[in-house]
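Work through the exercises below with the sequence and the model at hand. Each task is followed by a worked solution.

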Amino acid sequence: MQSSTIRQLFLDYFSSKDHLIMPSFSLIPQNDPTLLLIGAGMAPLKPFFTGEKKPPHKRIATCQKCVRTPDIERVGHTGRHATFFEMLGNFSFGDYFKEEAIAWGWDLVLNGYRLPEDRLWVSIYYEDEEAFKIWNENIGVPADRIKRMGKEDNFWEIGLGPCGPCSEIYYDMGEEAGCDRPDCGVGCDCDRYLEIWNLVFTQFSREASGELVELKNKNIDTGAGLERLAMALQNVYTIYDIDIVKPLYKYFEDLAEPARRREQEVPLRVVTEHSRGTTFMVADGVLPSNEGRGYVLRRLMRRAARFGKLLGIEGDFLSDAVSVVVETMGDTYPELKERHEYIRQIVRQEEQRFQETLSQGMDILEGYIEKIRSRGSDQLPGDWAFKLYDTYGFPLDLTAEILDEQGFKIDREGFNQHLKQQQERARAAARTSAGEGADKRYHEAKELTTVFTGYETLEQESRLLLALVEGEARPEIAKGEKVEVLLDYTPFYAEAGGQIGDTGYLEANGGRIRVENTIFSPWGQIIHQGKVEEGTVKAEEKVKAKVDGGRRSGICRSHTSTHILHRALRNKLGDHVNQAGSLVAPDRLRFDFNHFAALTREELQDIEKEVNRIVLSNIPVNAEITSLEEAEQLGATAIFTEKYEEDKVRMISTGEYTRELCGGTHVSASGEIGLFKIVSEEGIGSGMRRIEAVSGLNAYTRTVEHEEIVAVIAEALNTSESKLKEKFDEHINSYKLLQKTNQDLKKRLAESEVKALLSSVKEIDGVKLLTAKVTADSNETLRMVMDEVKNSLPSVLVVLGAVSGDKVILVGSATSDLVKRGVQANKIIQDVARHVDGGGGGKPELAQAGGKNPDALPEALDAVEGLVREQLKTAGQV
């Protein structure tokens, strides 16, 4: 039976049992910060199980794509473990319970999938007599085929709250799949007894006292692994032999060196399995990074890349494998076909980046292993492991795996200490005075309510609820004091969603506060930060809140521009483009988005042109409160990192051109933007790009400034603006010719100088050494002289110095035969640079440095001879 049939049969069966069939949710959890990735069929439905939300139907069935990594080390070593899998599930929210769930599961397995009854076994929680009775008396499963298992295996709970016993159906794969142990049976860790069905009976709540309390509304959570069912129904012993995985396995098998195929079954399985997860994660919007779900993706990809190397596979084999996954799974998951090229680009980009560092990182790790082996230790120090992770992008688990293969382990405590220190440094850099200690600082505001009125007005009669000075409530504040104020009603927008906070004034009878920023408290109240400019202001008195209207207008222009820009980017580059961050300010905007390549000049011009087309069309911009479901049906764009209420979201529409869920302030029509101009586009990380732009008068000013620059250049070149490019090309060609002539002259001078230098070559214990102070105005010229020396002498260590202005420049080079003898140019250059109050580095073959003390250069060069003798002695070459 094909996997597509297995999948459809399950959904059709439960549809006939009045279940609502829902499509697979994204692998990226929505509105659940406790999860990195969806790892179970019930995970996206968690709000229905907890009662946080009302389910659309009391019975639901899905086929959910999942990624789960706790068993990643077992992938490839068994035939059944995977990080990516499809979970078939039927769920009941306070409707049917054990009797129906067990009966339907058994009926589908026996009569739908027609698995032979004599190969089926059942497990239950050892205290669950109700389940035993249903299986034994109602279903007719003999007692000796019902295995009672303990809490660790057959009782589901995560801390306090809902929990309950489990019951599983196992399929006997046959003796040939077993471990030959006399006690091999259900629950054995070998591949013989394959769990194909898991029923979780959520019937209790674990209280703080440890007591189990029976739930009034009991739930059912079924999980049936599609790949495992396919193993049983297709009569194969591993997931790598089922119809939706085998083509990918065969692809890698054909790529592997023939001699390694027979010996490397585990690596073949790992690259196959991880390629599936990689493809699906990227399709759902996950990008490689060093944290969160991005780290999970990077770990899978880099682990696969490393195992591919063990198979002798070269080139971008993981990005090519994406096409095999898309061909196999694209009909079931159309998003794979829609984003095929995007997925390939992201995977190729990460793959190439890792290939560049893999060899270097492996060399360093092998060097570390030799060091700890020579010390008689079995542990890699934590700081070494952290350097591999932080500098070379080696996931800790990959380092651990390589070490384990050679009998070593990692000082994880030391690694975690270094990681924590780095994270604390990052947090300290990102921390703001407003955010630090916010809970304590704004404790007085916790029970207060502030209402935002700034969508409709920029002025508001309000009551001053609370005035804080350094977190302390004050009944009165005087001129010159910095203060944070809460009002009952306010038109001031608090910084959120990339839009910066409003500024303006709060005017009272006896004084005035200049508002310099507006933020949210930890509990959502709006806080006005500012300074008393005149008189005194008292708590509980009436004030008039006035937003700086000109500044707000600039912010509105920038914010609506980001929405239009977002849609223009998606239209031009593809629907994979999603907002990853933004800054909306009165004088500029910044928009971060995911994309796999730098934008060309033509692409930027097309995008800018489209945005301005929408601006000139003067399309109405409307705000509407609607439900999340309706907004999604209308095609509104949401941001994964934002949390939205199901029944109440604010949707901003620029006609039919773009719709986004947004709480910010906007223009009333696109024409108010005036003009839009892209300032820059750059990469800010793996698969991440950033556009900076200006709008309105700022865009006009920038255009005028550029016109002025063009006019000045045209005048300097004695030409008109219309012929400027032609004149510029003439000058560039002349410049290149002069540059070539200059290089030729420098080369002749270098050749002439080298002839004189060769007579001063020394020999130190069989090493030819040339040190000299030469005439050179740059590192480039100095390297040119050095190259001429090396061209004349097949074996030599060269250390040259020159003075350029008030700086010292140094270069050093050792031929490969001398490096093998222990001569290291980088270490010599470092020592020489210290003499001239400088520093530098490089590789054993080539290094360079600089310094600030030209007078010490002769002494520095004289030190080289001693350094060479010391290196040769250390290497045992003298």
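**Exercise 1.** In which loop is the place of Tyr113? Then decide whether Tyr113 is buried or exposed, and list its contacts.

Solution. The model is predicted, so local features need pLDDT of at least 70, side-chain atom pairs count only at pLDDT 80 or more, and totals for chains, interfaces and linings use all residues. Residues are numbered from 1 along each chain as its sequence is written, and side-chain values use heavy atoms, with hydrogens and water left out.

Step 1. Tyr113 sits in the loop between helix 3 (98-112) and strand 4 (120-125). Helices (H or I, at least four residues) and strands (E, at least two) are DSSP runs, numbered from the N terminus.

Step 2. Tyr113 counts as buried because its relative accessibility is 3%. Buried means under 20% relative accessible area, exposed over 50%, and partly exposed in between, with a 1.4 Å probe and protein chains only.

Step 3. A contact means heavy atoms within 4.5 Å. Leaving aside neighbours within four places in sequence, Tyr113 touches Met1, Ile6, Leu9, Phe10, Leu88, Leu108, Trp197, Leu229 and Leu233.

Step 4. Ala232 is 119 residues from Tyr113 in sequence, yet the two C-alpha atoms are 9.8 Å apart in space.

**Exercise 2.** Which side chains of strand 21 are buried, and which are not? Find the strands joined to strand 21 as well.

Solution. Step 1. In a regular strand the side chains alternate between the two faces of the sheet.

Step 2. Strand 21 (residues 542-547) shows this alternation: Val543, Ala545 and Val547 point to one face and are buried. Lys542, Lys544 and Lys546 point to the other face and are not buried.

Step 3. Two strands pair if DSSP finds at least two bridges between them. Strand 13 (residues 459-469) runs antiparallel to strand 21 and is joined to it by five bridges; here Arg463 stands opposite Lys542.

Step 4. Strand 18 (residues 504-507) is also antiparallel to strand 21, with four bridges. In this pair, Gly504 stands opposite Val547.

**Exercise 3.** How many cavities of 30 Å³ or more are there? Describe the lining of each.

Solution. Step 1. On a 1 Å grid over the protein atoms alone, a cavity is a set of points where a 1.4 Å probe fits but cannot get out, and lining residues have an atom within 4 Å of a point. Grid points are joined across faces, edges and corners, and a volume is the space filled by probe spheres set on the points. The count is two cavities of 30 Å³ or more.

Step 2. The largest cavity has a volume of about 40 Å³. Its lining consists of His274, Ser275, Thr278, Thr279, Leu318, Val322 and Val347. Helix 9 (265-283) and helix 11 (317-329) each supply at least two of these residues, and helix 9 gives the most, with four.

Step 3. Ala, Val, Leu, Ile, Met, Phe, Trp, Tyr, Cys and Pro count as nonpolar, Asp, Glu, Lys and Arg as charged, and the others, Gly among them, as polar. The lining of the largest cavity then has three nonpolar, four polar and no charged residues.

Step 4. The second largest cavity holds about 30 Å³ of space. Arg119, Tyr171, Met173, Met231, Asn235, Val236 and Tyr237 line it; five are nonpolar, one is polar and one is charged.

**Exercise 4.** With which residues is Ser319 in contact, leaving aside its neighbours within four places in sequence?

Solution. Step 1. Ser319 belongs to helix 11. Ser319 is buried because its relative accessibility is 0%.

Step 2. The contacts of Ser319 are Arg344, Val347, Arg348 and Glu351.

**Exercise 5.** Which residues of helix 23 are buried, and what covers them?

Solution. Step 1. Helix 23 (residues 779-792) has 14 residues and reaches 20 Å from its first C-alpha to its last, close to the 20 Å expected. The expected span is 1.5 Å times one less than the number of residues.

Step 2. The buried residues of helix 23 are Thr781, Leu782, Met784, Val785, Met786, Glu788 and Val789.

Step 3. Their cover includes helix 22 (724-757), strand 30 (767-773), strand 31 (797-804), strand 32 (807-814) and strand 34 (846-851).

Methods
On a 1 Å grid over the protein atoms alone, a cavity is a set of points where a 1.4 Å probe fits but cannot get out, and a pocket is an open set with protein on both sides within 12 Å along at least five of seven lines; lining residues have an atom within 4 Å of a point.
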